[in-house]
Amino acid sequence: MAVDQTHDPEQCKGVDAGITRVFQVLGKRWNGPILSVLMDQPTHFANLRRAIPGISERMLSDRLTELGGAGLVVREVDEGPPLRVSYRLTAAGAALGPSLRELGEWAKAHLPDDSPC
């Protein structure tokens, strides 16, 4: 017995796979600000933490590990003394620069500014 099946194009519509992957990384809290700080130059861990108010050391460490796993950030150990760890963007991370700047401009134009500074 043959079953009549009709194809409904609406059922095939879905979220673009690329957009899904992007927001799995950039959609996590703190990842955008971390990448934004690193856009200018490599930064030591302590300076990165100071540049992002409200982030804990543990969260910063976790997010940097994630961003490293995604191929966006590289951890570099500066041989001491004192021993210091810095982070820089990979070529893939740096390629996000124009997109992040554009998103920042969009936010200024379309999202309310509720921060005091």
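**Salt bridges, backbone and burial in a predicted model**

Lysine 28 counts as partly exposed, because its relative accessibility is 35% (buried is under 20% relative accessible area, exposed over 50%, and partly exposed lies in between, with a 1.4 Å probe and protein chains only). The model is predicted, so local features are reported at pLDDT of at least 70 and side-chain atom pairs only at pLDDT 80 or more, whereas totals for chains, interfaces and linings draw on all residues. Residue numbers run from 1 along each chain as its sequence is written, and side-chain values rest on heavy atoms, with hydrogens and water left out.

Lysine 28 is a good place to start, since its side chain forms a salt bridge with that of glutamate 66 at 3.3 Å, N to O (a salt bridge being a Lys or Arg side-chain nitrogen within 4 Å of an Asp or Glu carboxyl oxygen). This contact joins distant parts of the chain: the two residues are 38 positions apart, with lysine 28 in the loop between α2 and α3 and glutamate 66 in helix α5, which covers residues 57-69. Here helices (H or I, at least four residues) and strands (E, at least two) are DSSP runs, numbered from the N terminus. Glutamate 66 has a relative accessible area of 30%, so this residue, too, is partly exposed.

Glutamate 66 has a further partner. Its salt bridge with arginine 63 brings the closest N and O atoms to 3.1 Å. Both residues belong to helix α5, and because they are three residues apart, about one helical turn separates them. Arginine 63 counts as buried, because its relative accessibility is 13%. Lys28, Arg63 and Glu66 are thus linked in a network of salt bridges. Within this network, arginine 63 is buried, while lysine 28 is partly exposed and glutamate 66 is partly exposed as well.

The structure holds six salt bridges. Besides those already described, one of them pairs the side chains of glutamate 57 and arginine 49, with an N to O distance of 3.7 Å. Glutamate 57 has a relative accessibility of 48% and therefore counts as partly exposed. Arginine 49, at 35%, also counts as partly exposed.

The overall layout comes next. Seven helices and three strands make up the secondary structure of the protein. Read along the sequence, these elements follow the pattern α-α-α-β-α-α-β-β-α-α. The protein has 117 residues, and 21% of them count as buried.

The loop between α2 and α3, already met as the site of lysine 28, also contains tryptophan 30. The backbone of tryptophan 30 deserves a look: its phi is positive, at about 85°, although the residue is not a glycine. Tryptophan 30 has a relative accessible area of 13%, and therefore it is buried. The loop thus holds a buried tryptophan 30 together with a partly exposed lysine 28.

Helix α2 spans residues 17-26 and includes valine 22. With a relative accessibility of 38%, valine 22 counts as partly exposed.

A second valine offers a useful counterpart. Valine 73 lies in strand β2, which runs over residues 73-78. Its relative accessible area is 6%, so valine 73 is buried. In sequence, valine 73 and glycine 93 are 20 residues apart, yet their C-alpha atoms are 6.5 Å apart in space. Taken side by side, valine 22 in helix α2 is partly exposed, whereas valine 73 in strand β2 is buried.
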